[in-house]
Amino acid sequence: MTTQQKTISLIKQRQPRQVLSGALYTDPDVYREDLAQIWHKEWIFAGHTFELEKAGQFITLQVGDFPVVIVRGTDGEIRAFHNVCPHRGSKLCNSSSGKSAKLVCPYHKWTFSLEGKLQFAGNMGNEFDPQSHGLKQVHAAIVETYIYVCVAETAPDFEGFRKALTPFVSPHNLADCKVAFESTIVEKGNWKLVFENNRECYHCEGNHPELLNSFVENLSVAGVADDSDPELSAFWDRCETAGLPSQMVMSDNGQYRITRIPLSANASSYTMDGKPAVNGRLDKSGVENIGALLYFNYPSTWNHFLGDHALSFRVLPLGPGETMVTTKWLVHKDAVEGVDYDLTRLTEVWIATNDQDRRLVEGTHAGVSSPAYQAGNYSAVAENGPSQFDDWYCNTMKSRIAD
């Protein structure tokens, strides 16, 4: 049986609203198919344009099997390349970020322009043609400072997502932001467990006391659109009247969702007391409490936008049982640490929440790895989110793997 046949067989065994089987989380062959069919074909969130303000600034990431470097060129354009020297295959950039006038291979000092052209390769002989040895480009797309990359030969459509996201995020003026703090953790669990955990707050009351000072999951938007909640509808109307799109938008296949939710009473930010963490506002709506704008885009990101700051989260698989989660706290570029915000106050809620989620994911991965594990069923009340994620995952894999 091939890896594709094994994976499809396991997926077809899943019943509606059933949790995935243990093998779909832990089997190395399934993981290889996850990379081949999803991570190597989808648009993956990489970082923000304001992290690459000047020519030569770069960030790197590992998309499954593909190391990628993203750099701002001397012409101001942002490009993505395979982070692989075309000579002997060495990685060009080994740090997660940096700045360089050229991209220089550390092995034999082949030197490339910021636009990917080979400029120097010593001792290669007279027959060598440098023009045919430039860096291989990776698809890159930008929406409201979010840089997405796709390592596939042919990238899927990005315009539908760009069109949906832009009006929601634009009022938050991310182009005027900077990264106040960045945290990266490695969770000893499968990437699907990481996203399933994110998509529900059934676990929050018993695990996230810091987050629940401000965050309240609205079950009307936890999985599928339901505007029957009069308080939610009134909140949406108030925000939209002030120029803040809020009513849920979800892609036809369930890959991305964008919506705004109210926070708990008297809370306006993710802090221990619910009060703003940063002086000033990112938006200009004039609405006292705009709640939290949330968007996810499978398989690599979820995001929160508040009045005073925003957070972006990036998920990258490292193996069947390892997932890297990077969180960035975004504030206005003129905000001064120690004057306009206290870093501990800004970050403590989600640093605690991320660590709590890490422990939950790791405990679940250990459990689904047991021969005794049998797939359970999602709550029809509180777990629409992870059930919807599993539906998207299974449907995507079935559409891409022939029987």
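**Briefing: a helix crossing, a small set of paired strands and Thr60**

The axes of helix 5 (residues 191-198) and helix 9 (residues 384-400) cross at roughly 140° and come within 8 Å of each other. The structure is a predicted model. Two further topics follow: an open sheet of three strands, and the surroundings of Thr60 in strand 2.

**Helix 5 and helix 9**

- The crossing of helix 5 with helix 9 is right-handed.
- Helix 5 contributes Trp191, Lys192, Phe195 and Glu196 to the contact, and these meet Pro386, Phe389, Asp390, Trp392 and Tyr393 of helix 9.
- Sorted by class, this contact between helix 5 and helix 9 comprises six nonpolar and three charged residues, with no polar ones.

**The three-stranded sheet**

- The strands of the open sheet are arranged in the order 6-7-8, with antiparallel pairing.
- Strand 6 (103-104) and strand 8 (118-120) are the edge strands, each pairing on one side only.
- Strand 7 (residues 111-112) runs antiparallel to strand 8 and is joined to strand 8 by two bridges.
- Opposite Phe112 stands Leu118 of strand 8.

**Thr60 and its surroundings**

- Thr60 belongs to strand 2, which spans residues 57-63.
- Thr60 has a relative accessibility of 15% and therefore counts as buried, the cut-off being under 20%.
- A polar atom of the Thr60 side chain lies 2.8 Å from the backbone oxygen of Ser95.
- Leaving aside residues up to four places away in sequence, Thr60 touches Val68, Val69, Asn83, Cys93, Ser95, Ser96 and Arg314.

How values were computed. Residues numbered from 1 in each chain as written. Predicted model: local features only at pLDDT ≥ 70, side-chain atom pairs only at ≥ 80, totals over all residues. Heavy atoms only, no water. Axes fitted to C-alpha atoms, helices over the stretch in contact; angles between N-to-C directions. Helix = DSSP H or I, 4+ residues; strand = E, 2+ residues; numbered from the N terminus. Left-handed = near helix turned anticlockwise from the far one by under 90°. Contact = heavy atoms within 4.5 Å. Nonpolar A, V, L, I, M, F, W, Y, C, P; charged D, E, K, R; others polar. Pairing = 2+ DSSP bridges. Buried < 20%, exposed > 50% of the residue type's maximum accessible area, 1.4 Å probe, protein only. Polar contact = N/O pair within 3.5 Å; in protein donor to acceptor, adjacent residues only side chain to side chain.
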